[in-house]
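Open your viewer, switch to a cartoon representation and keep the selection box handy. We will hop from stop to stop, picking something and looking at what is around it.

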Amino acid sequence: MSRVRGPRRLRRLERGVLAAASVAALALTASGCVVVHGEREVLPAATRAEAARALDAFTDAYNRADKAYDGSLDAGYVTGALGAIDAARLRAGHATSPGGNPAHTPLKLTDATFTIPKKAGWPRWFVADAKANKGGDARWLLVFTREEPDAKWRAAYLTLVAPSVLPAFRTDADGWAEAVPAGSAGQLAPPGDLSRDYAAYLKDGGGSFAAGPYTSDWRAQRARTAVRPGLATQYIDEPLTNGGYAPLALRTADGGALVFFAAHHYQKQTAAAGASVPAPNQSVRALTEGEIKQSLTMEFVSSQVALDPARDAAGGKLKLLGRIQGLTGAQGG
C-alpha cells in the first residue's frame with residue numbers, strides 16, 4: 001500500500017505546486033510586474049501615451065524645483081548629464097536666493113512628438129521633441145531613460161536644436177524607431193566612442209568632427225583666452241559614458257545615427273604672482289569649495305547631440321547639432 005500512496009501524494013503535491021505557481025503568475029501579470037521576456041524580446045520602449053505622461057511629469061517636477069530652488073523636488077525625474085547640471089543649478093540658486101527663484105517662469109512644452117525605438121533589454125529609452133516657451137525657436141530634445149520595468153522615467157539628456165537641422169528617423173510600419181548599438185561599426189564612429197573622441201578633439205584637434213560653434217570655433221576661443229596678462233587658463237576634457245551618462249543613438253532615415261552623449265570639462269585659471277583670479281559671479285562662488293587665492297578650477301558637464309553619418313557616406317563628418325553645458329562644481333586654491 002505504501003508504494004501506491006507515495007506516487008499519489010507526489011502527484012497531488014505537484015498539482016498543488018503548479019496551481020500555486022499559476023496563481024502567482026496571474027497575480028504578477030495582473031499587477032503589471034511581469035514583462036514577458038522583456039530582457040530578450042524586441043519591444044517598443046514605451047507607448048506614446050506613456051511617453052507623454054513622462055514628459056508631463058518631468059515638466060511639473062522641473063517647475064516645482066525651479067520655483068523653490070529645491071533639487072529634491074525633481075531629483076527623481078532627472079539623471080545623467082541633465083541631472084548633474086540641474087542639481088548644481090538649483091544648489092547655486094538656493095545658496096544665492098534661499099527663499100526661492102524670484103525670476104521663476106514656468107516651463108511650458110508644447111507640440112511634442114515622440115521617437116520611440118524598439119529594442120531588447122534595459123535600459124529602455126525614447127526621445128521627446130517639443131517647442132518650449134524658453135530658448136527662442138529652438139526645439140527641446142529630451143531623452144528619457146528607464147532602468148527596469150518598475151522604475152520611473154528620468155530625463156538624462158537635454159539639448160536645444162534648430163528645427164531646420166533635425167534629421168528624419170528610420171521607422172517601421174508601426175512608426176517605431178531603431179536604436180543604434182553603442183558599438184555599431186556601420187557609422188563613421190561607433191556611438192559609444194563619441195564622448196572619448198570629442199574630448200580628444202578638443203585637446204588636439206583633427207579627427208572627424210565638422211567645423212562649427214561647438215568644435216573648431218570653441219577650440220579657437222580657448223586658444224585666444226589661454227594666456228592673458230597675469231592669468232593662464234588650462235582646459236582638460238574627459239569622456240563621460242557610464243550609467244546615466246551612457247551614449248544613446250537613433251537610426252536616421254539615411255542610414256546615419258543621431259547620437260546623444262555627455263562629456264566632462266575642467267577649466268583652471270591661475271594668476272601670476274602679485275595678480276589675482278578674476279572674481280567669479282555669485283553662482284560660481286556658491287559652488288566653490290576652498291578659498292580662491294591664486295587659482296580657481298571650475299568643473300562642467302556638457303550634453304551634446306551629433307549626427308554620425310554612415311561609414312560609407314561620401315565626405316562624412318561628425319556634426320554637432322546642439323550642446324548645453326553647466327557648471328557642476330569649483331575648487332579654489
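Which residue in β6 is the bridge partner of Phe144? Select Phe144 and look across to β6: the partner is Ala155.

Before moving on, two notes on what you have loaded. This is a predicted model, in which local features need pLDDT of at least 70 and side-chain atom pairs count only at pLDDT 80 or more, while totals for chains, interfaces and linings use all residues. Numbering starts from 1 along each chain as its sequence is written, and side-chain values use heavy atoms, with hydrogens and water left out.

**Stop 1: the open sheet**

Now select residues 139–146, strand β5, together with β6; the two pair in the antiparallel sense over 7 bridges. Strands here are DSSP runs of E with at least two residues, helices are runs of H or I with at least four, and both are numbered from the N terminus. Two strands count as paired if DSSP finds at least two bridges between them.

Widen the selection to the open sheet of 4 strands, ordered β2-β4-β5-β6 with antiparallel pairing. At its edges are β2 (109–115) and β6 (154–161), each pairing on one side only.

**Stop 2: helices on the sheet**

Add residues 48–68, helix α2, which lies across β2, β4 (124–132), β5 and β6 and runs at about 135 degrees to β2. For such angles, axes are lines fitted to C-alpha atoms, for helices over the stretch in contact, and values run from 0 to 180 degrees between N-to-C directions. Contact means heavy atoms within 4.5 Å.

Next pick residues 80–96: helix α3 packs on the sheet, touching β5 and β6, and its direction makes about 85 degrees with that of β6.

**Stop 3: strand β13**

Jump to residues 295–308. Strand β13 is largely enclosed by the rest of the structure, because 11 of its 14 residues are buried (under 20% relative accessible area; exposed is over 50%, partly exposed in between, with a 1.4 Å probe and protein chains only). Show β11 (257–271), which pairs antiparallel with β13 over 14 bridges; there, Thr270 stands opposite Ser295. Then show β14 (319–332), joined to β13 by 12 antiparallel bridges, with Ala306 partnered by Leu320.

**Stop 4: two single residues**

Is Ser195, in helix α4, buried or exposed? Ser195 counts as buried, at 2% relative accessibility. Beyond four places in sequence, its contacts include Pro239 and Phe261.

Finish at Ala211, in the loop between α4 (194–204) and α5 (216–225). Ala211 counts as exposed, at 66%, and its C-alpha atom is 9.1 Å from that of Lys317.
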